[in-house]
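Please read the following note alongside the sequence and the model. The points are numbered so that each can be checked in turn.

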Amino acid sequence: MTCRDVHAMAATGFSRRAESYERARPGYPDAALEWLAQRLGLDEGRTVVDLAAGTGKLTRLLARTGARVVAVEPIAEMRALIAPPAEVVEGTAEAMPLEDASADAVTVAQAFHWFDFEPALAEIRRVLRPGGQLAIVWNTRRSDDPLHVAIDPIIEPHRSGTPSHRGQPWREALEGSDLFGPIEERDFDNPQRLDADALAERVASVSFIASLPDDEREPVMEAVRELAAGGPVTIGQRTDVHILPAL
């Protein structure tokens, strides 16, 4: 499967705004990576697949563990930004170009909501070795954060049914699967400080905003910049890590 098989909004938006995604999207706190690496047993001699790796924000952190990291990403513009030592291949959650039982762990950051859940979980289970684990990672804006509350009415009219991790249909798919065991989860504080231009770029990297024609996107950007007109602002958010054992 190639970029043509990816949700149209993701394929269009992320191919247009890969560099914005890399510059403006938040990373992941050290404490979250440490817990993730410990729970997945990442070390030399282990293999982890970073599925739907995007620009490699989690990929490069996984590489610090000493494990072999294989980044699977369908969108060429995002794939091009993933740096060595990760091995980079084109593929989707539903069709990874990897051998059966070839990975000790699979990670998915900021992407599980784009998947066709049932075939994706089957494909993830196929590439995991016995005793392997799946980790789902989200950077989640806090629902009561004033800045989040202010951004929502600016961008939500443009969503047009685009999938989101909010509402947690992904959790229902995981909990209903007979391929994986119970979810173990932790959350970590991960605020992001941004000036007006960086805040606008962060919003511009959202798939359904990036997909807008220029004349429709620019008013959105101006409205977002106004939220930080008085100086840098902080987005209150956390990193949620969910780990499931393969059955």
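**Note on the predicted model**

1. On the other side of helix H7 from its buried residues, Pro146 and Pro153 are exposed, where exposed means over 50% relative accessible area, buried under 20%, and partly exposed in between, calculated with a 1.4 Å probe on protein chains only. The buried residues of H7, which spans residues 146-155, are Leu147, His148, Ile151, Asp152, Ile154 and Ile155. These buried residues cover an arc of only 165 degrees around the axis, which puts them on the same side of H7; the arc is that of the directions from the helix axis to the C-beta atoms. They pack against strand S5, helix H9 (196-204), helix H10 (207-210), helix H11 (214-226) and strand S8 (233-235), contact being defined as heavy atoms within 4.5 Å.

2. A word on the basis of these statements. The model is predicted, so local features need pLDDT of at least 70 and side-chain atom pairs count only at pLDDT 80 or more, whereas totals for chains, interfaces and linings use all residues. Residues are numbered from 1 along each chain as its sequence is written, and side-chain values use heavy atoms, with hydrogens and water left out. Helices (H or I, at least four residues) and strands (E, at least two) are DSSP runs, numbered from the N terminus.

3. Seven strands form an open sheet of mixed pairing, in the order S3-S2-S1-S4-S5-S9-S6; two strands pair if DSSP finds at least two bridges between them. Strand S3 (87-89) and strand S6 (184-189) stand at the edges with a single partner strand each, so one side of each is left without a neighbour in the sheet. Neighbouring strands of this sheet are turned by 20 degrees against each other on average, direction ignored. Axes here are lines fitted to C-alpha atoms, for helices over the stretch in contact, and angles run from 0 to 180 degrees between N-to-C directions.

4. At the S6 edge, S6 pairs with strand S9 (residues 237-245) in the antiparallel sense over six bridges, and glutamate 185 stands opposite histidine 242 in S9. Helix H3 (residues 30-40) lies across strand S4 (103-109), strand S5 (128-141), S6 and S9, and runs at about 0 degrees to S9.

5. Towards the S3 edge, S1 and S2 run parallel and are joined by five bridges, with valine 70 in S2 as the bridge partner of valine 49. S2 in turn pairs with S3 in the parallel sense over three bridges, and valine 70 stands opposite glutamate 87 in S3. Four of the five residues of S2 are buried, so this strand is largely enclosed by the rest of the structure.

6. Glutamate 87 also forms a salt bridge with arginine 68, the closest N and O atoms being 2.8 Å apart; a salt bridge is a side-chain nitrogen of Lys or Arg within 4 Å of a carboxyl oxygen of Asp or Glu. Because glutamate 87 lies in strand S3 and arginine 68 in strand S2, the pair ties together parts that are 19 residues apart in sequence. Glutamate 87 is partly exposed at 37% relative accessibility, and arginine 68 is partly exposed at 41%.

7. The structure holds 20 salt bridges. One of these joins glutamate 222 to arginine 225, with the closest N and O atoms 2.8 Å apart, and both residues lie in helix H11, three residues apart, about one turn of the helix. Asp197, Glu218, Glu222 and Arg225 are linked in a network of salt bridges. A further salt bridge brings together the side chains of arginine 238 and aspartate 240 (2.6 Å, N to O); arginine 238 is partly exposed at 25%, whereas aspartate 240 is buried at 9%.

8. Which residues have the most contacts inside the largest nonpolar core? They are Leu51, Val106, Val108, Phe112, Phe115, Ile124 and Leu134, in a core of 35 residues; such a core is a set of buried Ala, Val, Leu, Ile, Met, Phe, Trp, Tyr and Cys residues joined through side-chain atoms within 4.5 Å. Helix H6 (117-127) is among the elements that give two or more residues to this core, and H6 gives the most, with five residues. Apart from this core lies another, of 25 residues, among them Ala32, Leu40, Leu58 and Ala67.
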